[in-house]
Amino acid sequence: MRKGLFHVRIRGAGKGMVIFMTDEVFDRLEEKIAYRFRDKNLLRRALTHSSYANEMRINKYEDYERLEFLGDAVLELVSSDFLFREQEETSEGELTRMRASMVCEPALAYCARDFSLEQFILLGKGEEATGGRTRDSIVSDVMEAVIGAIYLDGGLAEASAFIHRFILSDLEHKQLFYDAKTILQECVQQGNEGVLHYELVKEEGPQHDKIFEVEVYVGDQKAGWGVGHSKKAAQQQAAYQALLARKER
């Protein structure tokens, strides 16, 4: 393989098509995350799913799983330090709940999509065909792997800066989105507004790349609408839209 190049399968690029990802594409991702890697191989590993490693017969330790393990620990440390300093009068139990909400799988995937990380993930043909590029579990794992890669390449300060930039920023807005269904349920119950329920109104697309459209109702009144690659994601989006509408009243 030529220096500066590696294979990547791009969704929609054609059945079984393989293209090359160049230094220019590396540069594009590094520009998005505002960090330049000294060791580009760390970034490549952070983007490599096990299905791609198996398909390309790469050493199994060259996928992102070990970096994900490290990144998870760095993320826990940095987010714990942030909450400890910012929430001086919050109990241990509440701090734990807040941290879990901030770094859970859907939350990390949401943050990763802010800079289109999913577009850069190296997937095998089978994983690509079954919708792996849009799966929260994979996108969040790669997000943690990127944190681990930055930690090894630039140290804790650089990893912390990345985490603050993409995960610990605009928390009020993000928290509202992460906890939208729970917050909406509590609001409806406190106001005795009626029964909260979600209705699936549309489902389209191939089995591996479904799009769901959901409406949320309070009693018989439509309160919000959302779309997503899963019913759960669509419900979360609908609840979030309902909460935004309430804030505008």
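This passage walks through the overall make-up of a predicted model and then its three-stranded sheet.

Local features were taken at pLDDT of at least 70 and side-chain atom pairs at pLDDT 80 or more, while totals for chains, interfaces and linings use all residues. Residues are numbered from 1 along each chain as its sequence is written, and side-chain values rest on heavy atoms, with hydrogens and water left out.

The chain holds twelve helices and five strands (DSSP runs numbered from the N terminus: H or I of at least four residues for helices, E of at least two for strands). Of its 249 residues, 44% are buried, meaning under 20% relative accessible area with a 1.4 Å probe, protein chains only. Accessible surface (Shrake-Rupley method, 1.4 Å probe) adds up to about 13300 Å², and carbon and sulfur atoms own 49% of that. As for contacts (heavy atoms within 4.5 Å), 53% of those between residues at least 6 apart in sequence join residues at least 24 apart.

Now to the sheet. Three strands line up as S3-S4-S5 in an open, antiparallel arrangement, where pairing calls for at least two DSSP bridges between two strands. S3 (196–204) and S5 (221–228) sit at the edges with a single partner strand each, so one side of each has no neighbour in the sheet. From one strand to the next, the twist averages 20 degrees. Seven bridges link S4 (residues 211–218) to S5, and Glu215 stands opposite Trp225 in S5.

Two helices go with this sheet. H11 (residues 180–190) lies across S3 and S4, at about 140 degrees to S3; such angles run from 0 to 180 degrees between N-to-C directions, with axes fitted to C-alpha atoms, for helices over the stretch in contact. H12 (residues 231–247) packs on the sheet too, touching S3, S4 and S5, and its direction makes about 135 degrees with that of S5.

Notes:
Buried means under 20% relative accessible area, exposed over 50%, partly exposed in between (1.4 Å probe, protein chains only).
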